[in-house]
Amino acid sequence: MNNDFRHFNIEENQKIIALAPMAGFTDSAFRQICRKNGADLVYSEMVSARGTVEDQKFTDGGKSLGFSRFLDAERPILVQIFGNEPVIMAEAAKIICEKYNPEGIDINMGCPARKVVANDYGSSLLKDPQLAAEIVRQVKASIGDRILSVKTRLGWENNNEILTFAPKMEAAGADMIAIHGRTRKQEFSGEVDWEMIGQVKKLLKIPVLANGGIKNWQDIDRCLEISGADGVLIGQAAVGRPWIFDEYKQQKSIELSFEETCEIAFEHIELYHNYSKFFNELKKHLLAYFKGFPNCSELRRDIAMSESFEEFKEVLEGFRAKI
Ligand SMILES: Cc1cc2nc3c(=O)[nH]c(=O)nc-3n(C[C@H](O)[C@H](O)[C@H](O)COP(=O)(O)O)c2cc1C
C-alpha cells in the first residue's frame, strides 16, 4: 500500500500535508482552522489509553474520552493514543473507533516529555521494539479497516535506530509511519535529519510522513525533496500561521493584513467558544497570530494580560484605532 491515501480522500501520489499532534494546541477549534486553511489530515492531541478505558465508567464520557471527540469538519482525522499496555491500547482504540469513528488511530511512540518517558510511554517504546510491535498488532486488530499509524522519532539515542525499528512496525501491521527527524535525546532542538527519513522511506512499502523543523512553506518542498517522503506533518509552524498549508498548495507566501488576522483570530475564538469558555487556553494561539506585525510588542503584551474574550476584543479595537 504505497502512497495510498484513499482512506483520507486524498488522490494517489498526492503529497499529504498534515497538522502534527500537539498537546495543548491541536484541539478541535485549531484542527478546524487548519482544515479550512488547507491541511489534508489532522491529528488529535495525545489521549491516554488507560484514561480512555477508565472513562467508560462515566456516563458523560470523562476527560480522556473528551480529547478524542471531533467534528465532521475536521475529517480526515487520526486520534493519537499513548500508553504501553497492548491490551489497554487496543481496548482504548476500539472504544474511540466505536464512539467517534475516526479515519484511524495513531500511536504515540515519540513523545520525549519526562513525565511520559518515566511511565515508559511515548519515545520509550523505541527502546522496546518487541513491545511496540505487539501494541501495533493488537491495536490494528481492534480497529477494523481503519488506518493504524505510528508517530515516532529517529531513535532513543542514535539517528539510525529507526532503520530497524520502522520495518518492525510495518511488519506488525502499521499502515503509515510519521517520523520526527530527531532522537529522543535531542528533544525539540538540534539538527533535524530529513536524509535519515529518506533512508527509512526506501526500506518501507507503507507511506512515510516526515516531520520536524519545517518553519515555512518553502521548507515543506525542501523536506519532501530530501526525504522523498509521502508527506509531512507540520507542528509549531502552523501555530499563528495555519494558512501555511495553503501557502504550500499555492506555492506562494500569504501575508495577512491586520484586519484579516483579526478575522481569523475571531473565527478561531468562535469555534473554540462552541465547547469551551476558558480564555487562557486560547491565548497562546491569539498571541501567535499577532507575532511579527510592526510595532506589535505592546499589542502582544496587552493580549497576554487580557483575561477574557471581551478584554481581548478591546485590546484589538485599541490597536486598530492607532494604526
Ligand atoms: C507543545 C507541543 C506539544 C506536542 N504534543 C505532541 C503530542 O501530543 N503527540 C505527539 O506525537 N507529538 C507531540 N509533539 C511533537 C510534534 O508533533 C512534532 O513532532 C514536533 O513539534 C516537531 O515538529 P515541528 O517542528 O513541525 O513542530 C508536540 C510538540 C509540541 C511543541
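E310, E317, G318 and A321 are the exposed residues on one side of helix α14, while F312, V315, L316 and F319 are the buried ones. Keep in mind that this is a predicted model. Beyond that helix, there's a two-domain layout and a ligand shell of 22 residues to look at.

**Helix α14**
- The helix runs over residues 309-322, and its length checks out: at 1.5 Å a residue, its 14 residues should span 20 Å, and the end C-alpha atoms are indeed 20 Å apart.
- F312, V315, L316 and F319 make up its buried set. They cover an arc of only 95° around the axis, so they sit on the same side of α14.
- Flip to the other side and you'll find E310, E317, G318 and A321 exposed.
- What do the buried residues of α14 pack against? Their partners are α11 (258-273), α12 (279-289) and α13 (297-305).

**Domains**
- The domain assignment splits the chain into domain 1 (6-250) and domain 2 (258-322).
- Between the C-alpha centres of the two domains there's a gap of 29 Å.
- Where the domains meet, seven residues of domain 1 are in contact with nine residues of domain 2.
- On the domain 1 side, that contact surface has four nonpolar and three polar residues, with no charged ones.

**Ligand shell**
- Which residues are closest to the ligand? Those are A20, M22, M46, G235 and Q236, out of 22 that surround it.
- By class, the shell is an even split of ten nonpolar and ten polar residues, plus two charged.

Technical notes
Residues numbered from 1 in each chain as written. Predicted model: local features only at pLDDT ≥ 70, side-chain atom pairs only at ≥ 80, totals over all residues. Domains from an automatic or database assignment. Contact = placed C-beta atoms within 7 Å. Nonpolar A, V, L, I, M, F, W, Y, C, P; charged D, E, K, R; others polar. Near = placed C-beta within 6 Å. Helix = DSSP H or I, 4+ residues; strand = E, 2+ residues; numbered from the N terminus. Expected span 1.5 Å × (residues − 1). Buried ≥ 20, exposed ≤ 12 C-beta atoms within 10 Å, placed from the backbone. Arc of directions from axis to C-beta.
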